[in-house]
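Me: I have a chain open here and would like to talk through its aromatic residues, its strands and a few loop positions. Can we start with the terms and then go residue by residue?

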Amino acid sequence: MWRMARDSKVLDLNSSYSYLLWCRDFAATSAVVRDERGEPVGFLTGYLRPDRPGTLLVWQVAVDEAHRGRGLAAALLDGVAARTAAQHGPIAVETTVTPGNTASERLFTSFAERHGARLEREVLFGTGLFPDGPHAPEVLYRIGPLSP
């Protein structure tokens with residue numbers, strides 16, 4: 001997961017340790033897709049927001065470059081959302097996307113369309129809130145509600 005996030009060139013890279021913790025603590029709201037040899041080629045990490053347990057926050061989605069264009073990111077998103085809704089009832093999906101990340105913009109827009117769900121966008125964190133250098137704003141995408 002760490003390698004795929006690093007190689008994506010668009011995701012903020014977390015420490016390798018954080019990905020290990022994520023797999024332990026948020027496995028129910030995350031997923032990994034493997035190739036025919038069993039090697040990981042894509043992942044989605046997410047969690048239920050503590051103050052909004054009916055909201056699945058999708059943290060990162062990545063697919064290895066050699067496996068892009070096959071619908072794996074959409075399948076990961078559909079699968080995790082369906083599994084979460086089946087366990088918790090109707091949910092909303094949230095994520096943040098930096099302007100210009102067209103792959104993520106398309107992924108989440110088409111997800112909302114496939115599910116006939118409302119999509120709202122607003123700036124969640126403006127550029128000035130990031131103390132570690134220039135960072136594009138993070139736009140919140142809120143999709144839902146989705147039913148099981």
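Reply: Since accessibility will come up repeatedly, a residue is called buried under 20% relative accessible area, exposed over 50%, and partly exposed in between. Please keep in mind that this is a predicted model.

Me: OK, then is F26 buried, partly exposed or exposed?
Reply: F26 has a relative accessibility of 32%, and because partly exposed covers the range between 20% and 50%, F26 counts as partly exposed.

Me: How many aromatic pairs are there?
Reply: The count comes to five aromatic pairs. One of them is formed by W22 and W59, whose ring centres are 6.1 Å apart with the planes at 25°, so this pair is stacked.

Me: And where do those two sit in the chain?
Reply: W22 belongs to helix α2 and W59 to strand β3, which spans residues 52-63, so that, with their positions 37 residues apart, the pair links distant parts of the chain. W22 counts as buried at 15% relative accessibility, whereas W59, with a relative accessible area of 41%, is partly exposed.

Me: What about F26, which ring does it pair with?
Reply: F26 forms an aromatic pair with Y47, and this one is tilted, with 5.8 Å from centre to centre and 45° between the planes. This pair too links distant parts of the chain, since F26 lies in the loop between α2 and β1 while Y47 lies in strand β2 (residues 40-49), 21 residues apart. Y47 is partly exposed, its relative accessible area being 22%.

Me: Which residues make up the aromatic cluster, then?
Reply: W22, F26, Y47 and W59 form one aromatic cluster.

Me: Switching to the strands: how do β2 and β3 pair?
Reply: β2 and β3 pair in the antiparallel sense over eight bridges, and they form a hairpin with two residues between them. Within this pairing, T45 stands opposite Q60 in β3.

Me: And β3 with β4, parallel or antiparallel?
Reply: β3 and β4 (residues 91-97) run parallel and are joined by three bridges. On the β4 side, A92 is the bridge partner of T55.

Me: Back to the loops, where is A28 and what does it touch?
Reply: A28 is found in the loop between α2 (16-25) and β1 (31-34). Leaving aside residues up to four places away in sequence, A28 touches R83 and T84. A28 is partly exposed, with a relative accessible area of 46%.

Me: How far is A28 from H135?
Reply: From C-alpha to C-alpha, A28 and H135 are 30 Å apart in space, and they are 107 residues apart in sequence.

Me: Last topic, the surface: which residues make the nonpolar patch?
Reply: L124, F125 and L129 make a nonpolar surface patch of about 280 Å². F125 is found in strand β5, residues 119-125, and is partly exposed with a relative accessible area of 40%.

Me: And P134, is that one buried or exposed?
Reply: P134 is exposed, with a relative accessible area of 87%, and is found in the loop between β5 and β6 (138-146). As for its relation to the patch residue L124, P134 and L124 are 10 residues apart along the chain, and their C-alpha atoms are separated by 16 Å.

Conventions: Residues are numbered from 1 along each chain as its sequence is written. This is a predicted model: local features need pLDDT of at least 70, side-chain atom pairs count only at pLDDT 80 or more; totals for chains, interfaces and linings use all residues. Side-chain values use heavy atoms; hydrogens and water are left out. Helices (H or I, at least four residues) and strands (E, at least two) are DSSP runs, numbered from the N terminus. Buried means under 20% relative accessible area, exposed over 50%, partly exposed in between (1.4 Å probe, protein chains only). Contact means heavy atoms within 4.5 Å. Rings of Phe, Tyr and Trp (its six-membered ring) pair if their centres lie within 6.5 Å; planes under 30 degrees apart count as stacked, over 60 as edge-to-face and the rest as tilted. Patches are made of residues with over 30% relative accessible area and no salt bridge: like charges are joined within 9 Å, nonpolar side chains (Val, Leu, Ile, Met, Phe, Trp, Tyr) within 5 Å. Accessible areas come from the Shrake-Rupley method with a 1.4 Å probe; for residues, only the protein chains shown count as cover. A salt bridge is a side-chain nitrogen of Lys or Arg within 4 Å of a carboxyl oxygen of Asp or Glu. Two strands pair if DSSP finds at least two bridges between them.
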